[in-house]
Amino acid sequence: MKGIVLAGGTGSRLFPITRVTNKHLIPVYDKPMIYYPIQTLVDAGIEEIMIVTGGKNAGDFLRLLGNGRDFGLKHLNYTYQEGEGGIADALGLAEHFADGEPVCVILGDNIIENNIYQAVASFKEQKSGAKLLLKQVPDAERFGVPEILGKHILSIEEKPKFPKSQYAVIGIYLYDATVFKKICGLKPSDRGELEITDVNNLFIQEGALTFDILDGWWTDAGTFDSLLRASNLVAKTGANKMNGHANPAVFVSRNTAP
């Protein structure tokens, strides 16, 4: 399995800071934001990782991360997203890197308390389709929201005014190689972007999507409020903790297939 960190975009919700730097290079407590999602992948046993970035500060990632020595990696891969084509568009740029293998995709502003080791292991046993990670949140309307019936996700709606559950599809996705064909068939949304929610709904239509509920806290860091929250959480408890990673109770697995 290969890992992909999506770290493009303009970070407009963090203006004026992001007028002079990529938001994923901003500190979250004592580390640059991008360190946390990379560590999440490394902790899951993933050693081949690509960073998808964009904007005017792409070179700063190379100066900061190099070949990933700080994470015990021998090599890091990089690619560049021109403009703002959306999450699915950014993921599509990694097709050659994936080379037919399954991928674990994480948004560059996602930070978790614990780890996704068990979720990755579960997906490897699943062998095909997709797996999403969910977390119950008080402001589901900010995210992609699943409609859940028992053990199944019926559909996912992006930023709904009236959420059908209080769960958010957090920015960690596991896909088989068919994800890239699905991306190629997408049409831009009203926002002019290729939406990852549309990709996930295609897997649901195939009955090939499972989900896990993440244990421990999770936050994004894409607004000033969530950036502050992320820093406070990391300062208080730490992030990317490995204790109990082999405990099957860390994740509660569900499946959309009969």
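Colleague: How many residues of each class, nonpolar, polar and charged, does the lining of the largest pocket have?
Modeller: The lining has 14 nonpolar, 16 polar and 11 charged residues; Ala, Val, Leu, Ile, Met, Phe, Trp, Tyr, Cys and Pro count as nonpolar, Asp, Glu, Lys and Arg as charged, and the others, Gly among them, as polar. The model is predicted: local features need pLDDT of at least 70 and side-chain atom pairs pLDDT 80 or more, while totals for chains, interfaces and linings use all residues. Residues are numbered from 1 along each chain as its sequence is written, and side-chain values use heavy atoms, without hydrogens and water.

Colleague: Why is this space called a pocket?
Modeller: Because its points, on a 1 Å grid over the protein atoms alone, form an open set with protein on both sides within 12 Å along at least five of seven lines. About 950 Å³ of space lies in it. Of its 41 lining residues (an atom within 4 Å of a point), Arg-13, Lys-23, Ile-87, Leu-107 and Lys-159 are closest to the centre. β11 supplies the largest share of the lining, 4 residues.

Colleague: What makes the set containing Ile-49 and Cys-104 a nonpolar core?
Modeller: Its 35 residues are buried (under 20% relative accessible area, 1.4 Å probe, protein chains only) and joined through side-chain atoms within 4.5 Å, so the set meets the definition. Ile-49, Ile-51, Leu-65, Cys-104 and Ile-116 touch the most other members. Elements giving two or more residues include β1 (2-7), β4 (49-54) and β11 (167-175); β11 gives the most, 4 residues. Another core, of 32 residues, among them Ala-130 and Leu-194, lies apart.

Key
Buried means under 20% relative accessible area, exposed over 50%, partly exposed in between (1.4 Å probe, protein chains only). On a 1 Å grid over the protein atoms alone, a cavity is a set of points where a 1.4 Å probe fits but cannot get out, and a pocket is an open set with protein on both sides within 12 Å along at least five of seven lines; lining residues have an atom within 4 Å of a point. Grid points are joined across faces, edges and corners, and a volume is the space filled by probe spheres set on the points.
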